[in-house]
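Work through the exercises below with the sequence and the 3D view open. Try each task before reading its solution.

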Amino acid sequence: MILIIREPATSEEIEEMLKTWEVFIKIAVDIERKVIAGGGVRHYECEQELLKDGSRQRDIWGADWSPSTQEIVFESIINIRPSQNNRSMVIRSPEIRERVTQITQQLLGGL
């Protein structure tokens, strides 16, 4: 199940999102609206939920987040964006990585 997280996630929400992969959560982060969709099998599914919720595709970046280590892996096929100077699955921009990190820590890492 994919959840849209606007406020710091509860432990129940984290557990629900962990049901898909058990040790990490696929997330899509809207760096402008500061909203996360998480819990899907693919980042694309999370991205689609944010688009339905009013996000702009150019503002959404994919990553994986591990609750046990608080580690973020900035790699997703949705990050391939030649038009935004990101030609890799990995988020190359230090500024975007920092925004994804801050939003993820604020909404998912506060448990």
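The model used here is predicted.

**Exercise 1. Which residues does D64 touch, not counting residues up to four places away in sequence?**

Solution.
- Step 1. Find the contacts: D64 touches F24, I25, K26, H43, E71, I72 and V73, with residues up to four places away in sequence not counted.
- Step 2. Place the residue: D64 lies in strand β4.
- Step 3. Look for a polar partner: the side chains of D64 and H43 make a polar contact of 2.8 Å.
- Step 4. Classify D64. The cut-off for buried is under 20% relative accessible area. D64 has 14% relative accessibility, so D64 counts as buried.

**Exercise 2. Which residues of helix α1 are buried, and what do these residues pack against?**

Solution.
- Step 1. Locate the helix: α1 covers residues 11-18.
- Step 2. List its buried residues: they are I14, M17 and L18.
- Step 3. Look down the axis of α1: the buried residues fall within an arc of 100 degrees, so they line one face of the helix.
- Step 4. Find the packing partners: the buried residues of α1 pack against β1 (3-5), β2, β3 and β4.

**Exercise 3. Describe the salt bridge of D53 and R33, and state how many salt bridges a search of the whole structure finds.**

Solution.
- Step 1. Recall the principle: side chains of opposite charge can pair when their charged atoms come close.
- Step 2. Check the pair: the side chains of D53 and R33 form a salt bridge, with 2.7 Å from N to O.
- Step 3. Place both ends: D53 is in the loop between α2 (43-52) and β4 (60-66), while R33 is in the loop between β2 (25-30) and β3 (35-38). The two residues are 20 residues apart, and the pair links distant parts of the chain.
- Step 4. Classify both ends: D53 is partly exposed at 26% relative accessibility, and R33 is partly exposed at 32%.
- Step 5. Widen the view: R6, D30, R33 and D53 are linked in a network of salt bridges. The search of the whole structure finds 10 salt bridges.

**Exercise 4. In the salt bridge of D59 and R56, is D59 buried or exposed?**

Solution.
- Step 1. Confirm the pair: the side chains of D59 and R56 meet in a salt bridge at 2.8 Å, N to O.
- Step 2. Classify D59: its relative accessibility is 6%, so D59 counts as buried.
- Step 3. Classify R56: its relative accessibility is 48%, so R56 counts as partly exposed.
- Step 4. Take another pair for practice: E45 and R42 form a salt bridge through their side chains, 3.5 Å from N to O. E45 is partly exposed, with 25% relative accessible area.

**Exercise 5. Which residues form a nonpolar patch on the surface?**

Solution.
- Step 1. Name the members: the patch is formed by I77, I80 and M89.
- Step 2. Give the area: together these residues have about 270 Å² of accessible area.
- Step 3. Examine one member: I80 is in the loop between β5 (71-73) and α3 (94-107). At 39% relative accessibility, I80 is partly exposed.

**Exercise 6. How many residues apart in sequence are R58 and Q84?**

Solution.
- Step 1. Place R58: this residue is in the loop between α2 and β4.
- Step 2. Compare sequence and space: R58 and Q84 are 26 residues apart in sequence, and their C-alpha atoms are 8.0 Å apart.
- Step 3. Check the contacts: leaving aside neighbours within four places in sequence, R58 is in contact with R81 and Q84.

Technical notes. Residues numbered from 1 in each chain as written. Predicted model: local features only at pLDDT ≥ 70, side-chain atom pairs only at ≥ 80, totals over all residues. Heavy atoms only, no water. Salt bridge = Lys/Arg side-chain N within 4 Å of Asp/Glu carboxyl O. Helix = DSSP H or I, 4+ residues; strand = E, 2+ residues; numbered from the N terminus. Buried < 20%, exposed > 50% of the residue type's maximum accessible area, 1.4 Å probe, protein only. Patch = residues over 30% accessible without salt bridge, like charges linked within 9 Å, V, L, I, M, F, W, Y side chains within 5 Å. Areas by Shrake-Rupley, 256 points an atom, 1.4 Å probe, with all protein chains shown as cover. Polar contact = N/O pair within 3.5 Å; in protein donor to acceptor, adjacent residues only side chain to side chain. Contact = heavy atoms within 4.5 Å. Arc of directions from axis to C-beta.
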